[in-house]
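Visitor: Could you take me slowly through one part of this protein, the salt bridges, and explain how the charged side chains are placed?

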Amino acid sequence: MRRGLNGNGGCKALGISTGRFWESQPAAMEGSTRGASGSTLTEDQQHVPGARPMHTTETHGDQQHPADLPRASHGGGSRPRGHVSTRAAPPRPRSRVHQARPGPAPAPAPPPSLVSADPLRRRRETRSCRDNGRSGAVASDMSPPMSPMKPPKGFAPMSCCWSTETMQKWLPFLGWLPDYTWYALKMDFIAGISVGLTVIPQALAYAEVAGLPPQYGLYSAFMGCFVYFFLGTSRDVTLGPTAIMSLLVSFYTFHEPAYAVLLAFLSGCIQLGMGFLRLGLLLDFISCPVIKGFTSAAAIIIGFGQIKNLLGLQHIPRQFFLQVYYTFHNIGETRVGDAVLGLVCMVLLLVLKLMRDHVPPVHPEMPTGVRLSHGLVWTATTARNALVVSFAALVAYSFQVTGYQPFVLTGKTPEGLPDAHIPPFSVTTANGTISFTEMVQGMGAGLVVVPLMGLLESIAVAKSFASQNNYRINSNQELLAIGLTNILGSLFSSYPVTGSFGRTAVNAQSGVCTPAGGLMTGALVLLSLDYLTSLFYYIPKSALAAVIIMAVVPLFDTKIVTTLWRVKRLDLLPLCVTFLLCFWEVQYGILAGALVSVLILLHSVARPKIQVSEGPMLVLQPASGLHFPAIETLREALLSRALETSPPRSVALDCTHICSIDYTVVLGLGELLEDFHKRGATLALIGLQVPVLRVLLSADLKGVLYFCTLEEAEKYLKQEPGTQPYNGSEDSVPEHKIALLKA
């Protein structure tokens with residue numbers, strides 16, 4: 001392999017510098033470092049157990065160079081990127097390297113398995129290692145101070161598998177619970193009550209969306225509150241039934257509670273496994289246009305699906321297109337009572353929401369009466385779902401007393417919490433027993449769609465509120481929390497749950513401080529199951545339909561089309577594909593949208609934009625990385641602009657934006673080098689990064705010229721044919737090549 005060298009005999013043309021080589025050898029640099037006083041320590045003073053010396057050093061004044069590498073002049077007084085500075089306090093005179101006094105070598109660190117978990121004992125062990133390390137130094141100020149909790153370089157970290165940091169990583173509540181205050185308790189209590197008053201009517205309504213009896217919505221609403229207290233990393237998120245998840249459950253469980261509970265268990269297992277395997281990155285392949293297309297379609301499907309309950313229509317199928325047809329076909333059978341009550345509930349919910357959005361903030365200087373009235377208005381508007389449902393139930397009960405009932409009621413709801421039991425792995429019907437395998441086959445794609453969409457919805461909600469309130473979440477920990485919630489919830493007849501955007505917004509607006517607010521929400525749901533189920537009988541279905549419709553209206557993003565048209569019109573393609581196909585089958589819409597997004601991404605990888613600059617040399621610069629699908633595009637650009645012209649032109653390929661290449665690219669570059677050589681032209685590579693150069697050196701391509709800058713390449717190519725590269729000492733090439741390959 002050939003190379004061009006600069007006029008000072010340096011290594012610029014190699015694409016690396018001495019400083020870059022040192023960056024790839026952190027262990028070698030530890031063998032020769034400076035002490036706290038600025039003097040250079042020898043290998044004996046900085047002995048690292050198990051480490052081998054990579055090079056020796058010579059100190060001249062304040063400069064230090066690896067002895068086994070050719071000294072390089074970087075020209076112009078500027079240091080190359082990544083150069084390690086060795087300047088320090090003035091060195092001691094008349095001494096090149098301070099020799100270590102004879103003394104015992106530092107004691108090696110004990111194996112991790114023998115390190116004591118006791119903090120006091122670990123501190124004594126660390127102090128002993130520190131004292132032994134100082135005994136071999138010239139003076140105490142030459143050894144950097146060592147913290148008892150931070151081991152010296154090269155020693156095994158003195159920690160155990162159950163350290164405080166590890167426990168806080170797996171159980172985040174241990175991080176904030178010791179600092180819990182009375183103020184946080186008060187705010188969490190208020191937020192928990194507010195969310196509880198919201199989730200109870202929503203859970204009853206979402207069970208209707210899922211095609212399940214209303215009590216299953218409540219069964220699904222409490223477990224996430226308790227699990228997230230221990231495992232959650234967001235103070236705002238609340239887990240429970242949502243409109244989108246209920247819609248997916250209705251698609252894949254055939255309106256059978258046994259299927260819904262089993263789906264919750266299997267989804268939890270998949271989500272928990274993804275959390276342990278750190279597979280949250282899979283969600284990154286579902287782009288924002290796909291999510292927006294799905295949620296907008298889901299809002300229409302869910303909202304229109306409640307029109308039948310809002311109007312009191314009966315016997316309407318659940319398939320969307322049939323639902324639209326039969327709703328308009330049976331519009332003449334509308335029950336006036338249900339329609340009037342449903343519309344009144346919707347108007348009340350809208351008015352209370354507008355009041356909530358326009359309530360002015362409270363200031364301490366306000367009179368007590370004003371602050372009290374503000375608190376009453378805030379409470380009423382926050383708990384608007386509970387107030388409206390209670391109002392509708394009271395109206396229905398009043399008609400029931402008179403002996404006339406103009407509304408379709410929810411009906412009897414079983415009291416209490418069901419006994420804990422394992423999910424049903426088989427179902428007995430009148431036609432026989434359905435085995436576990438048949439149940440899984442029946443749910444089909446739901447075993448993929450439901451876990452992924454549950455994770456996606458919850459993490460999107462958590463990230464949104466974390467960015468608004470200036471804190472960070474751990475996505476993989478969120479996977480664990482959602483997965484364990486679904487597994488434990490399935491023991492109490494829950495269907496799959498996820499993070500709720502609406503209730504999370506209520507939680508944040510209520511001033512929640514920690515996930516402890518969920519404890520009050522969960523307790524409120526359990527109390528409602530024990531003492532309020534008899535009152536659920538009188539809740540009209542039209543009131544629950546109004547709650548659902550008003551909850552899903554914000555899911556329809558009316559501005560996304562204009563935003564994408566202005567930002568990037570190509571993103572409208574996955575948005576439209578997802579939106580339209582979701583009306584046919586949800587899984588097909590999500591899958592098709594994700595596939596279109598991936599194809600758009602692959603197209604940019606396979607056909608990167610190539611910038612062309614004219615000059616003494618033709619310069620081609622790929623605007624993005626260079627991977628195997630793109631090698632043909634690069635070949636066509638080089639052939640059309642350089643080799644097919646008369647005479648053929650020399651080309652400099654600017655590799656500044658290329659951080660990695662694969663074997664196919666190496667083969668393609670080899671073929672291009674041969675083509676240029678046959679036609680008497682030159683192909684030079686400039687701006688190579690170290691990983692790319694390492695691959696090229698390993699491939700041992702013939703005839704490669706690589707330079708740091710375009711000026712060096714042009715200077716070399718200006719020489720007459722047959723001459724050697726300027727200052728072209730080839731003696732050091734093998735040394736650099738071996739050093740780089742060993743890095």
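Guide: What follows is a close look at the salt bridges, with a word on how far the model can be trusted.

This is a predicted model, and its protein chain averages a pLDDT of 77, with 75% of the residues scoring at least 70. Over residues 1-159 pLDDT stays under 50, and the same limit holds over residues 720-733. Where pLDDT is low, the predicted coordinates should not be read in detail.

Side chains of opposite charge can pair when their charged atoms come close. In the whole structure a search finds six salt bridges, and a network of them links Arg635, Glu671 and Asp675. Arg635 pairs with Glu671, where the closest N and O atoms are 2.5 Å apart. Because Arg635 lies in helix α26 (residues 631-643) and Glu671 lies in helix α27 (residues 663-678), this pair ties together parts that are 36 residues apart in sequence. Arg635 also meets Asp675 in a salt bridge, at 3.3 Å from N to O, and this pair again links distant parts of the chain, since Asp675 is in helix α27, 40 residues from Arg635 in helix α26.

As for their surroundings, Arg635 counts as buried at 15% relative accessibility, whereas Glu671 is partly exposed, with a relative accessible area of 41%, and Asp675 is partly exposed at 21%.

Another of the salt bridges joins Arg335 and Asp338, whose closest N and O atoms are 2.9 Å apart. Here Arg335 is the partly exposed partner, with a relative accessible area of 32%, while Asp338 counts as buried at 0%.

Note on methods:
Residues are numbered from 1 along each chain as its sequence is written. This is a predicted model: local features need pLDDT of at least 70, side-chain atom pairs count only at pLDDT 80 or more; totals for chains, interfaces and linings use all residues. Side-chain values use heavy atoms; hydrogens and water are left out. pLDDT is the predictor's confidence in each residue, from 0 to 100. Contact means heavy atoms within 4.5 Å. A salt bridge is a side-chain nitrogen of Lys or Arg within 4 Å of a carboxyl oxygen of Asp or Glu. Buried means under 20% relative accessible area, exposed over 50%, partly exposed in between (1.4 Å probe, protein chains only). Helices (H or I, at least four residues) and strands (E, at least two) are DSSP runs, numbered from the N terminus.
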